[in-house]
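Q: Could you take a close look at the surroundings of the ligand for me, and then walk outward into the rest of the fold?

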Amino acid sequence: MSITPHDERFMAAAIRLSRQHLGRTATNPSVGCLIVKDGAIVGRAVTALGGRPHAEPQALAEAGELARGATAYVTLEPCSHHGKTPPCAEALIAYGVARVVISVTDPDPRVSGRGIAMLRDAGIEVDAGVLEAEGRHSLAAYLTRQTKNRPYVTLKLAVSADGMIGRQGAGQVAITGPEARAQVQALRAETDAILVGIGTAISDDPLLTVRTPGLEAQSPVRIVLDPNLALPLTSKLVATARDVPVIVVASEEISPLGSEADGTPPTGLADIQSRRTALEAAGVEIVYCNPYHPEVLLPALATRGISSLLVEGGAKTARLFLDAGLVDRIQLYQAPLVVGEGGIESPLRATDIPSGFTHRGTSLYGADRLDKYEREN
Ligand code: AOF
Ligand code: ZN
């Protein structure tokens with residue numbers, strides 16, 4: 001049987017459903033599954049919070065006997081491995097599903113085509129690659145970590161009408177209005193980690209959490225690039241480190257292990273030692289990894305299970321990731337506000353988006369405009 005417009009409509013619905021748990025399924029992708037019988041949806045599910053159970057067994061359980069002879073629409077190839085749960089391909093076979101329509105094949109080496117093979121071997125008709133571009137989009141964080149061993153990186157910038165992202169010495173400057181800020185909160189909520197440089201952490205004293213009512217539990221891990229442990233103990237980040245994790249990325253040179261290893265204690269060691277102790281006592285985790293080499297830092301974050309990262313500032317940190325070619329998506333907010341005297345220039349404007357990025361749409365939030373750009377592959 002070939003792909004019909006009905007198949008695409010159901011797959012689009014499965015992809016929409018999968019987005020519900022984006023960023024809330026740990027290292028597992030958030031997958032959507034619909035069971036359709038005679039044109040009606042008889043079961044639907046998304047990967048559970050925390051990553052398990054997977055989508056398929058939940059949707060099948062809802063469909064029950066109606067799953068026999070039905071079509072299953074899944075945004076990711078059903079798994080074939082005995083992990084923490086039995087293989088989803090086995091469940092689809094056991095329930096007597098007649099056809100499985102898949103958007104994206106699973107790059108997990110334990111699956112990677114085996115799920116499709118198991119289904120076909122059991123006589124089930126399988127069509128893969130349906131709405132694949134949209135499916136890949138919804139699974140971008142998972143696919144990037146699996147295939148590139150690093151998180152999917154989004155750079156968010158809020159730029160004033162005169163091309164500024166803030167004002168020297170002014171702390172946090174509200175460039176965008178409340179509607180755009182609410183949208184950024186939603187973006188944070190579906191992201192695993194959020195990253196700023198120490199300059200921004202000191203000057204803005206940001207909280208970097210999700211404050212939208214109902215979404216507070218979805219705050220991302222907060223990461224500060226802080227080579228010499230300069231993060232003030234009085235900062236909001238440190239004060240809240242026990243509620244929402246804070247990771248400080250410090251230079252390897254000040255690592256307790258590093259200084260022992262080469263026998264040359266760096267200057268100001270006692271001072272660094274006391275800041276290290278105080279930060280750790282406040283619940284901050286310190287990771288020693290060159291903070292200015294995203295190509296080294298990102299795989300280290302992926303190893304910790306971080307699949308998506310939002311880079312929120314400031315100008316230097318944005319440049320660092322852009323220059324390393326490690327930004328996958330740019331979210332550029334442009335506001336009518338004029339910063340004027342003492343402005344901090346944006347590292348990027350709509351007129352100088354790097355080559356390799358494609359414009360993916362414009363939305364309006366109050367008086368502000370959001371342009372989205374994505375890097376090809
Ligand atoms: C599916 N349906 O809803 C999801 C899948 O650690 P485990 O045992 O839960 O396995 C994790 C892997 O399962 C993950 O890397 C991916 O290959 C697959 N995720 N598969 O059939 C789902 N979330
Ligand atoms: Zn599964």
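A: Happy to! Keep in mind that this is a predicted model. Let's start at ligand 1, which has 20 residues around it, with T47, R52, A55, D106 and D108 coming nearest. By character, this shell divides into eight nonpolar, six polar and six charged residues. Two helices, helix 2 (55-63) and helix 6 (140-148), each supply at least two residues of the shell.

Now for the polar contacts. R52 places a polar side-chain atom 2.5 Å from an oxygen atom of ligand 1. The side chain of H54 has an N or O atom 2.8 Å from an oxygen atom of the ligand. With A55 it is the backbone that takes part: one of its N or O atoms lies 2.8 Å from a ligand oxygen atom. As for cover, ligand 1 has 520 Å² of accessible area on its own, and the protein covers 96% of it.

Moving on to the nonpolar cores, the largest has 30 residues, and the members that touch the most others are L155, L195, I223, L309, F321, V327 and I330. Several elements give two or more residues to this core, among them strand 6 (152-159), strand 8 (193-197), strand 9 (221-225), helix 12 (294-303) and helix 13 (315-323). Such grouping fits a general pattern, because nonpolar side chains in soluble globular proteins tend to be buried together. A second, separate core has 28 residues, including A59, V104, I124 and V126.

Within the largest core, F321 is a good residue to zoom in on. Leaving out residues up to four places away in sequence, F321 touches V153, L195, L225, P294, L298, L309, V311, L326 and V327.

T317 is also worth a look, and its place is in helix 13. T317 counts as buried because its relative accessible area is 6%, under the 20% cut-off. Beyond residues up to four places away in sequence, T317 touches L195, V196, G197, L225 and V311.

For a contrast in exposure, turn to P256, which sits in helix 10 (residues 256-262). P256 is partly exposed, since its relative accessible area is 30%. Setting aside neighbours within four places in sequence, P256 is in contact with R276 and Y288. If you would like a distance to check in your viewer, P256 and I272 are 16 residues apart in sequence and 9.8 Å apart in space, C-alpha to C-alpha.

Note on methods:
Residues numbered from 1 in each chain as written. Chains lettered and ligands numbered in written order. Predicted model: local features only at pLDDT ≥ 70, side-chain atom pairs only at ≥ 80, totals over all residues. Heavy atoms only, no water. Core = buried A, V, L, I, M, F, W, Y, C linked by side-chain atoms within 4.5 Å. Buried < 20%, exposed > 50% of the residue type's maximum accessible area, 1.4 Å probe, protein only. Helix = DSSP H or I, 4+ residues; strand = E, 2+ residues; numbered from the N terminus. Contact = heavy atoms within 4.5 Å. Near = heavy atom within 4 Å. Polar contact = N/O pair within 3.5 Å; in protein donor to acceptor, adjacent residues only side chain to side chain. Areas by Shrake-Rupley, 256 points an atom, 1.4 Å probe, with all protein chains shown as cover. Nonpolar A, V, L, I, M, F, W, Y, C, P; charged D, E, K, R; others polar.
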